[in-house]
Amino acid sequence: MLQQTRVETVRRYWDLWLETFPTVASLASASTEAVLSQWQGLGYYRRARNLQAGAIFIVEQLGGAIPTTAEGWKTVPGVGPYTAGAIASIAFGEPVPAVDGNVLRVLSRWLALELPIDGKTGRTAIDSLAADLAAGPRPGAWTQALMELGATLCTPTSPACLLCPVSAGCAAAAMGEPARFPLKAKAKAPREEHRFALALMQPETGAEWWVQRDEQGLLGGLWEFPLLASVEAAEDVSASLTHHGDLLHIFTHIRLSVTLCSATEDPTEPPIPVGYQTGRWVLPEERETLPQSRLMRKLRERLLLPLG
Ligand code: SF4
């Protein structure tokens with residue numbers, strides 16, 4: 001839950017999640033929809049799917065026995081080297097490193113590493129230093145100390161070197177320009193995309209036509225108004241469209257602008273566009289029971305605004 005997400009945001013979800021899925025077995029046997037419903041609003045839904053895939057693997061392949069080493073954790077679907085290292089060192093005291101963005105930043109500053117940390121050579125240098133450092137007597141405390149240093153003092157834009165307990169050995173602090181590190185290769189510009197969202201409504205019942213995304217890919221399995229590639233595709237479904245303006249939604253690699261249209265004339269079963277697995281008329285009282293993305297919530301809010 002904490003990947004790319006702040007503790008304050010996660011706190012609201014954490015307790016509810018543990019109440020709903022108190023054991024690995026209960027998560028493994030839950031429906032995908034129940035899992036995505038608990039996660040909705042947190043974003044990056046792949047994490048929820050991976051968490052469940054991991055639980056299923058532990059139950060089915062490991063007989064319910066949770067791994068105790070980083071190597072063991074790396075065999076669990078969805079668990080990468082960072083998560084494996086963090087769990088093995090903190091929960092089981094194994095002397096292995098856990099290198100996330102915070103740790104990359106701290107160690108690249110410590111070394112004043114003049115190589116991009118997202119390049120192979122730079123990353124190898126950091127990984128090797130991290131592995132050497134993790135070999136001390138209290139691996140779990142060490143992992144947490146490094147994470148904490150990155151989160152509280154050695155922050156991205158204003159490292160507090162005067163307060164830092166390791167400033168005496170830090171090369172970037174000695175140079176007087178810690179915030180110049182870490183170096184990064186030039187980031188790729190996000191891709192621009194445009195879609196038409198079509199909100200079909202049945203005035204008598206208040207039902208809306210929702211479609212469910214394919215399981216694989218962006219926002220997999222979530223429900224929304226169909227997002228269509230062209231206004232012609234929307235007009236194919238209904239000849240009389242009301243336009244509700246455009247809104248912008250930012251994903252990690254995509255800047256998606258969406259033109260929202262609605263129509264009330266067509267109560268028949270509309271087609272399921274490419275990229276979706278199914279569709280259905282959703283009554284007002286059912287709307288909160290289906291997992292949906294933030295984008296869908298934004299579209300529904302826009303739909304309620306008066307036309308201007
Ligand atoms: S001395 Fe400054 S740059 Fe170096 S680790 Fe501490 S906070 Fe980061």
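Helix H6 (81–92), helix H7 (101–111) and helix H8 (120–134) are among the elements that cover the buried residues of H9. The model is a predicted one. Its salt bridges number 14, and its aromatic pairs come to four.

**Helix H9 and the loop after it**

- The buried residues in H9 include Pro 139, Gly 140, Thr 143, Leu 146, Met 147, Leu 149 and Gly 150.
- The end C-alpha atoms of H9 are 20 Å apart, which agrees with the 20 Å that its 14 residues should span at 1.5 Å a residue.
- Val 166 is located in the loop between helix H9 (139–152) and helix H10 (171–175).
- With a relative accessible area of 34%, Val 166 is partly exposed, because the partly exposed class runs between the buried limit of 20% and the exposed limit of 50%.
- On the surface, Val 166 joins Trp 110 and Leu 111 in a nonpolar patch, and together these residues have about 220 Å² of accessible area.

**Aromatic residues**

- Trp 17 and Phe 21 form an edge-to-face aromatic pair, with 4.8 Å centre to centre and 65° between the planes.
- The pair counts as edge-to-face because its angle of 65° falls in the class of planes over 60 degrees apart.
- Trp 17 and Phe 21 are both buried.
- One aromatic cluster is formed by Trp 17, Phe 21 and Trp 39.

**A salt bridge within helix H5**

- In helix H5 (residues 70–74), Lys 74 and Glu 71 lie three residues apart, about one turn of the helix.
- An α-helix has 3.6 residues a turn, so residues three or four places apart point the same way.
- The side chains of Lys 74 and Glu 71 form a salt bridge, at 3.1 Å from N to O.
- Lys 74 is partly exposed at 39% relative accessibility, whereas Glu 71 is exposed at 55%.

**Other salt bridges**

- Arg 191 and Glu 193 are linked by a salt bridge whose closest N and O atoms are 2.8 Å apart.
- Arg 191 has a relative accessible area of 47% and is partly exposed; Glu 193 is also partly exposed, with a value of 21%.
- A salt bridge also connects Arg 280 with Glu 286, the closest N and O atoms being 2.5 Å apart.
- Arg 280 is partly exposed, with a relative accessible area of 29%, and Glu 286 counts as partly exposed at 22% relative accessibility.
- Glu 114, Glu 177 and Arg 180 are joined into one network by salt bridges that share partners.

Definitions and conventions. Residues numbered from 1 in each chain as written. Predicted model: local features only at pLDDT ≥ 70, side-chain atom pairs only at ≥ 80, totals over all residues. Heavy atoms only, no water. Phe/Tyr/Trp six-rings, centres within 6.5 Å; stacked < 30°, edge-to-face > 60°. Buried < 20%, exposed > 50% of the residue type's maximum accessible area, 1.4 Å probe, protein only. Patch = residues over 30% accessible without salt bridge, like charges linked within 9 Å, V, L, I, M, F, W, Y side chains within 5 Å. Areas by Shrake-Rupley, 256 points an atom, 1.4 Å probe, with all protein chains shown as cover. Salt bridge = Lys/Arg side-chain N within 4 Å of Asp/Glu carboxyl O. Helix = DSSP H or I, 4+ residues; strand = E, 2+ residues; numbered from the N terminus. Expected span 1.5 Å × (residues − 1). Contact = heavy atoms within 4.5 Å.
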